[in-house]
Amino acid sequence: MKTEPQKVKRAVTDYSGNRSVQTGFPSPATHYREPMIDLNKELSSSRDATFFVRVKGDSWKSHNILDKDVLIIDRAQMPKEGKLALVITEEGFDVQRINASKPIELWGMISYIIHKAV
């Protein structure tokens, strides 16, 4: 009786009925799979009230906000004295610190500033 090596295939069926077959050696990196990071989940309190704004120019450098930074604006957050906010002015939008003695038209509170790594 002659025996020949058998190919071993593992079939995986997902919930949608799609089927995949593994070929070759399994990747050792599959043990390190992590779920994707959802910035809305990690950095906002309310997904529907959170906006990402890309900054153009260095006019807010005094607030440590640089060109191409991303501001995470939370419109559901209550204004607090001294915190940075995106406000509406006659010229457009501006970044200002909340000052109770100065009336402003608030668009949203800045909850995070994301800088590009240099």
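The accessible surface of the protein chain comes to about 10,200 Å², of which 53% belongs to carbon and sulfur atoms; areas of this kind come from the Shrake-Rupley method with a 1.4 Å probe, and for residues only the protein chains shown count as cover. The model is a predicted one, in which local features need pLDDT of at least 70 and side-chain atom pairs count only at pLDDT 80 or more, while totals for chains, interfaces and linings use all residues. Residues are numbered from 1 along each chain as its sequence is written, and side-chain values use heavy atoms, with hydrogens and water left out.

The chain holds 1 helix and 7 strands, arranged from the N terminus as β-β-α-β-β-β-β-β. Here helices (H or I, at least four residues) and strands (E, at least two) are DSSP runs, numbered from the N terminus. Of the 118 residues, 21% are buried, where buried means under 20% relative accessible area, exposed over 50%, and partly exposed in between (1.4 Å probe, protein chains only). Among contacts between residues at least 6 apart in sequence, 42% join residues at least 24 apart; a contact means heavy atoms within 4.5 Å.

Strand S5 is a good place to start with the pairing, which requires that DSSP find at least two bridges between two strands. S5 (residues 84–89) pairs with S6 (residues 92–97) in the antiparallel sense over 6 bridges, and a hairpin of 2 residues joins these strands. Along this pair, leucine 84 stands opposite arginine 97, and isoleucine 88 has phenylalanine 93 as its bridge partner. S5 is also joined to S7 by 4 bridges, again antiparallel, with glycine 108 of S7 as the bridge partner of leucine 86.

The largest nonpolar core (buried Ala, Val, Leu, Ile, Met, Phe, Trp, Tyr and Cys residues joined through side-chain atoms within 4.5 Å) has 10 residues, namely Val55, Trp60, Ile65, Leu71, Ile73, Leu84, Leu86, Val95, Trp107 and Ile110. Strands S4 (70–74), S5 and S7 (105–114) each supply at least two of them. Leaving aside neighbours within four places in sequence, tryptophan 107 is in contact with Phe51, Ile73, Arg75, Leu86, Val87, Ile88 and Phe93.

On the surface, Ile37, Leu39, Phe52, Tyr112 and Ile114 form a nonpolar patch with about 470 Å² of accessible area together. Tyrosine 112 lies in S7 and is partly exposed, with a relative accessible area of 38%.

Definitions and conventions: Patch = residues over 30% accessible without salt bridge, like charges linked within 9 Å, V, L, I, M, F, W, Y side chains within 5 Å. Salt bridge = Lys/Arg side-chain N within 4 Å of Asp/Glu carboxyl O.
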